Every structure is written in structure tokens, then in C-alpha cells.
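Good morning, and thank you for making time for this item. Please turn to the sequence and the structure, which I shall discuss in a few short parts.

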Amino acid sequence: MAIRVFLLVSSVLLLLLSLSAGVERLGLSLWPPGLAGFHGPLMVSAFFGALIALERAVGLSEAWTFVPPVLMVLGGFLLALGEPFGYPVLLLGSLFYVAVAAYIYRLQPADFTQAMGVGAVLLFFGNLAWALFYDPPWAALLWAGYLVLIVAGERLELSRFVPKPARASWQFALAEGTTLLGLLLFPLAPGVFARIGGLGFVALALWLLRYDIAWVNLRREGVHKFMGAALLTGYVWLLVGGVFLIGYGLPPAGPVYDAILHSVYVGFVFAMVFGHAPVIFPAVLRLPIRFHPLAYLPLWLLHLSLFARIYADFAGNHAVRVQAGVWNALAIVFYFAITAVVSLLGLRDRRPL
Ligand code: HEM
């Protein structure tokens, strides 16, 4: 229990540090200063790396599977202290995580464990692209692929029992293969392969919009409806990110780069976090998480502020871009604050969920 809680609390701290680093990249200084250059690695390799690896370790309940989240948390804190030695630690953590993903695949060989395993490999390559080659756009694309494939694999697993036509399985494989082709070969011809990666994202988003069980959730009430709304709106952002990639490739920096990356990272990934938190946090903490309809407020705030950020990115309006970016970060903080307060009050009440 102690290690689970320690790792979860550390991940939440890493999330706050990486959000603060993101706001700093927009030009506003928050505490602690000097993290702007670490925003991407802190957010993806450290926070998401640790959170996802922790969820797997809790599911497997074998001591060695806790090594990746421990290394990722350690690597993240070293970076936050300005210590570049954090990079090799994160790289090692992601290598161990590939071993855990391979072990999961051996225990349960299936299309969804395979997709999540490929996601783990992309995290490792992304860390390599950042730490060894210092190629931020390539790393950012590989990391996006990691999160997209982890989510897609998870949804593939949950939608297993929904009746689907036989073609659904090769459509998924084709979408995954296209994504991999684009992301892995990106440095050879960035203009071409970013677009192929974008095509893969579009195909995966369409697959999820077509076959995911989230539509069933949407027709239910309470937390199920919320999860359905979060997931489906997130898939639309993945579609948007993929379309931008097809249209623009991936510029090496600047507002279009910002729009493309954060359509996927904020719009898709955080909508997935909001939608899965009612399932992931109880599993990791082994405590009930309560849902309150107030959770819709940060969800819509996330989508609206991201819309404003992307509009400002394309319109060249820096002031709106900064404000909208800050509201993106606040939406994420509000969501966790609301969930924590409602759950703590629920624990005190001891009312049924
Ligand atoms: C929510 C508030 C966020 C803010 C204010 C923010 C801000 C920024 C900014 C300003 C950039 C540089 C873009 C440019 O070159 O013009 C950036 C890059 C990046 N962001 Fe974010 N971001 C946020 C959320 C996220 C999230 C949630 C993720 C991942 C899940 C993420 C991952 C990245 C990555 C990987 C890069 C590229 C690598 C780098 O250049 O550091 N960001 N972000």
C-alpha cells in the first residue's frame, strides 16, 4: 500500500511540476522557475510514464514490476531539481517498462496487449530521441504515439465484447502500422513521415469513434455518461491532431507545433485521463472515487480553452494563446481538485457510491 500511495502522490506532484513548466514555456514564470526546458520529458516520460507503469504494476502485483514507476518518478524529480542525470534514469525506467509490457504480452497474447507493448517501445524510443539525439519534435511524436497506443490498446480490450465486423481487427492493425511507420521513420524525411503518422492518428481516431464501447456509456447515467462524453470528445481531438499533421507536417517549434501537439496531448490525452480516472484511481488506491456532475465543468473548460489556444496559435494571437494555455492547466488542476474533494467527503460520509 505504502509504495502505491507514495508513487501516486509523487506522480501527481510531477504533473503539477510539468504543468508549471508548460506555463513557463508560454512566458509566465511560476514556482519553481527554470523548468521550461523539461516540460515535455516531465509530463510524458516522468508523469505519464510513472502513472501508467504504476497501474500495470498494481494489476500484476509482482515486486519487480514496480521498478519502472520508481525509476520514472526518480528520473522526474532529478530533472525537476535541474539534474540532467534524470534523462538516463528515465530511459532505464522505460526500458524496464518494455520488459513489463513484454511479460504482460506473454501472459496474455492478444491484439490489445500487443498494442500496449508497442506503445511501451515508443516511449523508450521517444526517451532515446530526446536524451541521445536531442530531437524534440521526433521525441514529441513518439511520445504522442506511446500515449495514443496505450489508450487504443486499453479501449480495444474494453470493447472486446462489443460485436464488431471481422474487418475491425485488420483495420486496427493497419491504423497501428501506419502510425508506427510515420513515427519511427520521421527523421528520414520529416515532411513525409509526419503526414503518414497523422494518417495513422486519423485512422485510429476513426476506429475508436466507430467501435468503442464509449457510445454505450454515453446512453447511461452518472459517471458512465461522463466517461462516454470524455472519451468521445477526446477521440475528436485525436482526429483534429491527425488532420493538422497531415496538413502541416510537424514544424520544429512555434504555434503550429504547439497546436498539433496539444490537440493530441491536452485534448485527447487529458480527456482520456478524465474519462479513465474513475476507474484507474480506485484500482491503484483501492479506495472508492466518487463522481459529481461538477466534473463536467473542467471537462468543458479543457475543451473550450484548447479550442481558444489553437485558434490563437493559427491567428498569431500570443496574448490569447498564453491565457488559453493557463486555462488548459487550470482545467486539469480543477478536475483533480474536484475529484479529490468529492471523494474525501464521500469517504467521511461512508455513503454508497
Ligand atoms: C496544460 C497546459 C500546457 C501548457 C501551457 C503547455 C505549453 C507548452 C508550450 C508553450 C510548448 C512549446 C510549444 C512551442 O514550441 O511553441 C509545449 C511543448 C510541448 N508540450 Fe506542452 N503544454 C501543456 C500541456 C501539455 C501536456 C498535457 C503534454 C503531454 C501530455 C505536453 C507535452 C508537450 C511536449 C511533448 C512538448 C514538446 C516538447 C518540448 O518542446 O518541450 N504539454 N508545451
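Before the ligand site is described, one convention is needed: Ala, Val, Leu, Ile, Met, Phe, Trp, Tyr, Cys and Pro count as nonpolar, Asp, Glu, Lys and Arg as charged, and the others, Gly among them, as polar. On that basis, the shell around the ligand comprises 16 nonpolar, 7 polar and 4 charged residues. I should also state at the outset that this is a predicted model.

Let me first set out the fold. The chain contains 13 helices and 0 strands, and read along the sequence it gives the pattern α-α-α-α-α-α-α-α-α-α-α-α-α. The C-alpha trace spans about 55 × 50 × 40 Å along its principal axes. Why may the chain be compared with a compact globule? For 353 residues, such a globule would have a radius of gyration near 20 Å, and the 19 Å of the chain agrees with this. Of the 353 residues, 56% are buried.

I turn now to the ligand. It is surrounded by 27 residues, and the closest are Arg25, His39, Met43, His262 and Arg321. Which helices each supply at least two residues of this shell? They are helix H1 (2–25), helix H2 (39–60), helix H11 (255–285) and helix H13 (318–349). The largest share, 7 residues, comes from H11.

The ligand carries an iron atom, and the protein residues that coordinate this iron are His39 and His262, each through NE2, at 2.0 to 2.1 Å. The pair links distant parts of the chain, with His39 in helix H2 and His262 in helix H11, 223 residues apart. Is this pair buried or exposed? Both His39 and His262 are buried.

What is the arrangement of donor atoms around the iron? There are 6 donor atoms, and they subtend angles of 87 to 179°, which makes the arrangement octahedral. The reasoning rests on a cut-off: six donors count as octahedral if opposite donors are over 155 degrees apart and all others between 65 and 115.

Several polar atoms also approach the ligand. A polar side-chain atom of His262 lies 2.8 Å from a ligand nitrogen atom. For Tyr257, a polar side-chain atom lies 3.5 Å from an oxygen atom of the ligand. Gly254 contributes through its backbone, where an N or O atom lies 3.3 Å from a ligand oxygen atom.

Next, two points of backbone geometry. Most residues other than glycine have a negative phi. Ser61, however, has a positive phi, near 55°. Ser61 sits in the loop between H2 and helix H3 (67–80), and with a relative accessible area of 53% it is exposed. Tyr134 likewise has a positive phi, in this case near 35°. The place of Tyr134 is the loop between helix H5 (111–131) and helix H6 (136–158). Tyr134 is exposed, with a relative accessible area of 53%.

My last residue is Val279, which belongs to helix H11. Why is Val279 classed as partly exposed? Its relative accessible area is 47%, and the partly exposed class lies between the limits of 20% and 50%. The C-alpha atoms of Val279 and Met227 are separated by 9.7 Å, although these residues are 52 apart along the chain.

To close, I return to the iron site: His39 and His262 coordinate the iron atom of the ligand, and both residues are buried. Thank you for your attention.

Notes:
Residues are numbered from 1 along each chain as its sequence is written. This is a predicted model: local features need pLDDT of at least 70, side-chain atom pairs count only at pLDDT 80 or more; totals for chains, interfaces and linings use all residues. Side-chain values use heavy atoms; hydrogens and water are left out. A residue is near a molecule or strand if one of its heavy atoms lies within 4 Å of it. A polar contact is a pair of N or O atoms within 3.5 Å; within protein, one must be able to donate a hydrogen and the other to accept it, and residues adjacent in sequence count only if both atoms are side-chain atoms. Helices (H or I, at least four residues) and strands (E, at least two) are DSSP runs, numbered from the N terminus. Donors are N, O and S atoms within 2.8 Å of the metal (3.2 Å for Na, K and Ca); water is not among the atoms, so sites may look incomplete. Four donors count as tetrahedral if all angles lie between 85 and 135 degrees; four count as square planar and six as octahedral if opposite donors are over 155 degrees apart and all others between 65 and 115; anything else is irregular. Buried means under 20% relative accessible area, exposed over 50%, partly exposed in between (1.4 Å probe, protein chains only). The radius of gyration is taken over C-alpha atoms; the globule rule is 2.2 Å times the number of residues to the power 0.38.
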